[in-house]
Amino acid sequence: MKGMVTLVGAGPGDPGLLTLKGREALERAQVVVYDRLVSPAILALMPPGAEQINVGKEASRHPVPQEEINRILLDKALEGKRVVRLKGGDPFLFGRGGEELELLARHAVPFEEVPGIPSAIAVPAYGGIPVTHRDFTSSLHIVTGHARAGKALDIDFEALVRTGGTLVFLMGVASLPELCAGLLAAGMDPDTPAALVERGTTPAQRRLSGTLSTLAGLAEEGRVESPAVSIFGPVCALAEEFDWFDALPLKGRRVVVTRPKERTGTLARRLRDLGADVFEYPCIRTQPIWPCPAMERAVEEIDAYAWLAFTSPAGVEALWSMLERQNRDARALGKVKLAAIGPGTDRALRAHGLRADYLPEVYDAAHLGAGLAALARGRVLLLRAEIASRDLTEALEQGGVPYDDIPCYATVYESAHAEALRALARSGGLDLVTFTSASTVKGFVSSLGEMDFSGLTGICIGAQTAAEAARHGIPTVVAEEAAIDAMLKCIMKEVSGHGTH
Ligand code: SAH
């Protein structure tokens with residue numbers, strides 16, 4: 001059976017600019033053949049079992065020749081595989097997508113193309129430049145600034161200038177002086193607004209604005225490197241007013257977000273929306289303890305308890321995986337009241353159609369304990385981590401409330417991405433690091449080994465987490481409340497210079 005090849009445009013860099021259809025294709029792929037310009041967050045969507053073939057340029061070697069790429073696509077499809085060919089921007093816009101389809105068509109291999117968001121439009125947009133505007137221009141021209149080896153640029157500058165439209169050049173960093181000279185010679189006004197946007201739509205985006213006569217000089221001074229697009233036309237003058245992306249409050253700031261592997265990155269997404277350069281580091285994983293006779297017995301006798309308390313979503317999941325093994329469901333919980341340490345844990349309950357009857361005012365173990373001590377008439381069941389805070393049980397003891405404290409999950413350290421984190425540390429790229437539990441601190445430190453952490457700032461969700469960070473010499477700031485919003489507020493304060501550094 002023949003397989004199938006899907007050409008997918010990955011967009012210009014921001015992982016949010018991959019299309020839904022592209023994402024679906026990627027998630028189903030058995031083989032992914034990708035380029036240099038595709039962002040790591042998009043590559044992370046590849047299914048773990050998929051074969052990954054990098055045909056892009058690496059520092060030490062040349063890109064795979066086009067004929068060979070065509071060949072790889074054909075061979076993998078003939079093996080019966082679902083192949084995704086992932087390319088930057090749009091595959092058909094200076095992307096050689098057409099060339100890659102020719103061989104497939106000749107061999108009657110089924111294929112499809114999923115268009116991508118082209119850098120020619122999206123990169124100016126992220127630089128605050130709308131490529132057309134009724135007041136200024138009525139056409140847009142996208143041109144390659146790349147000359148075939150040893151040849152001069154093959155561009156009809158007179159024709160382009162005559163259109164009066166916005167001109168966007170791709171692959172034109174090296175040839176920029178020649179491009180500008182060509183436009184000038186063809187009669188374009190030297191004062192025409194012009195701009196260059198380097199690594200557009202990514203946290204490293206940089207825009208240089210000038211005019212046709214100054215842009216090449218600015219680019220040389222600023223050492224602009226590929227990938228960049230250059231834009232010529234009156235619309236470029238709008239950039240100062242429309243500069244929304246570079247103006248984001250965390251633009252370009254690197255934040256390492258540590259988290260348990262199984263939690264989705266809400267904090268990471270919110271930080272990205274604020275322009276941060278986020279490095280997500282799943283450094284711990286929680287594992288239900290199984291077999292767990294103590295929990296099994298407790299759940300069988302659940303009616304003997306007045307309250308069931310959870311201190312993390314992992315506790316909720318551990319209970320669920322046990323109920324599932326027993327072929328039971330939420331009804332097993334009967335009339336027992338539910339307490340959750342904070343909104344994240346409450347959300348985990350809601351995902352199973354339940355909601356917490358009690359959340360403490362301050363989301364920590366001590367307050368949960370004090371609240372339960374005041375409320376509970378009868379026995380409390382705690383489903384917690386193997387290593388858990390004494391604050392909760394002490395508060396219950398003080399209140400004279402009987403309880404059973406059952407460890408039902410263990411925390412294990414994950415180091416799948418440790419090498420990338422170490423590389424970041426070596427390059428001095430560690431600055432702000434978020435910690436949402438003492439175990440994420442331990443996971444982070446265990447990946448890096450003990451080192452001098454005095455240059456970074458640990459943004460901690462609460463006092464216990466901060467104490468753990470301080471133990472390893474990490475300077476800390478603590479969120480006012482154990483919640484994502486409070487952590488974001490803390491980061492904003494730190495970045496605007498009111499923090500400890
Ligand atoms: N098919 C791609 C273009 C491939 S040609 C697309 O539709 O976007 C490669 C050129 O695209 C680069 O030389 C650069 O000019 C431009 N480019 C791609 N990604 C870019 C980015 N993030 N920022 C600036 N320019 C980019």
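Which residue lies over the face of W290? Hold that thought for a second, and let me say up front that what you're looking at is a predicted model. Okay, the answer: R325 sits over that ring face, 4.2 Å from the ring centre.

W290 is worth a second look for its backbone too. The peptide bond that joins W290 and P291 is cis, with omega about 0°. As for where that puts us in the chain, P291 is in the loop between β12, residues 277-288, and α11, residues 293-300. So we have one tryptophan with an arginine over its face and a cis bond to the proline that follows.

Let me zoom out for a moment. The protein chain has 501 residues, and 49% of them are buried. You'll find 19 helices and 19 strands in it. If you put a box around the C-alpha atoms along the principal axes, you get roughly 90 × 60 × 45 Å. And here's one about contacts: take the ones between residues at least 6 apart in sequence, and 67% of those join residues at least 24 apart.

Back to the rings. How many aromatic pairs does the structure hold? Seven. The one I'd like to walk through is F279 with Y281: their ring centres are 6.3 Å apart and the planes are at 25°, and since planes under 30 degrees apart count as stacked, that's what we call this pair. Are these two buried or exposed? F279 comes out at 18% relative accessibility, so it counts as buried, the cut-off being under 20%. Y281 is buried as well, with a relative accessible area of 0%. Elsewhere, ring pairs tie Y126, W244 and F245 together into a cluster.

Now, another cis bond. This one joins S226 and P227, again with omega about 0°. P227 is in the loop between α8, which is 215-221, and β10, which is 228-232. Stay in that loop, please, as R223 is there too. R223 isn't a glycine, yet its phi is positive, at about 50°. With a relative accessible area of 68%, R223 is exposed.

There's also M171 to point out. Its phi is near 50°, once more a positive value in a residue other than glycine. You can find M171 in the loop between β7, residues 166-170, and α7, residues 176-185. M171 has a relative accessible area of 42%, so we call it partly exposed.

Last stop: a pair of helices. How do α16 and α17 run relative to each other? α16 covers residues 418-426 and α17 covers 438-448; their axes come within 9 Å and cross at roughly 75°. That makes them roughly perpendicular to each other, because anything from 65 to 115 degrees falls in that class. If you want to click on the residues that meet, α16 brings A418, L421, R422 and A425, while α17 brings F444, S447 and L448. By type, the contact divides into five nonpolar residues, one polar and one charged.

If you open the model after this, I'd go to W290 with R325 over its ring, then to the loop that holds P227 and R223, and finish where α16 and α17 cross. Thanks, everyone!

Note on methods:
Residues are numbered from 1 along each chain as its sequence is written. This is a predicted model: local features need pLDDT of at least 70, side-chain atom pairs count only at pLDDT 80 or more; totals for chains, interfaces and linings use all residues. Side-chain values use heavy atoms; hydrogens and water are left out. Rings of Phe, Tyr and Trp (its six-membered ring) pair if their centres lie within 6.5 Å; planes under 30 degrees apart count as stacked, over 60 as edge-to-face and the rest as tilted. Buried means under 20% relative accessible area, exposed over 50%, partly exposed in between (1.4 Å probe, protein chains only). A charge sits over a ring if NZ of Lys or CZ of Arg is within 6 Å of the ring centre and within 35 degrees of the ring normal. Axes are lines fitted to C-alpha atoms, for helices over the stretch in contact, and angles run from 0 to 180 degrees between N-to-C directions. Helices (H or I, at least four residues) and strands (E, at least two) are DSSP runs, numbered from the N terminus. Angles under 35 degrees count as roughly parallel, over 145 as roughly antiparallel, 65 to 115 as roughly perpendicular and the rest as oblique. Contact means heavy atoms within 4.5 Å. Ala, Val, Leu, Ile, Met, Phe, Trp, Tyr, Cys and Pro count as nonpolar, Asp, Glu, Lys and Arg as charged, and the others, Gly among them, as polar.
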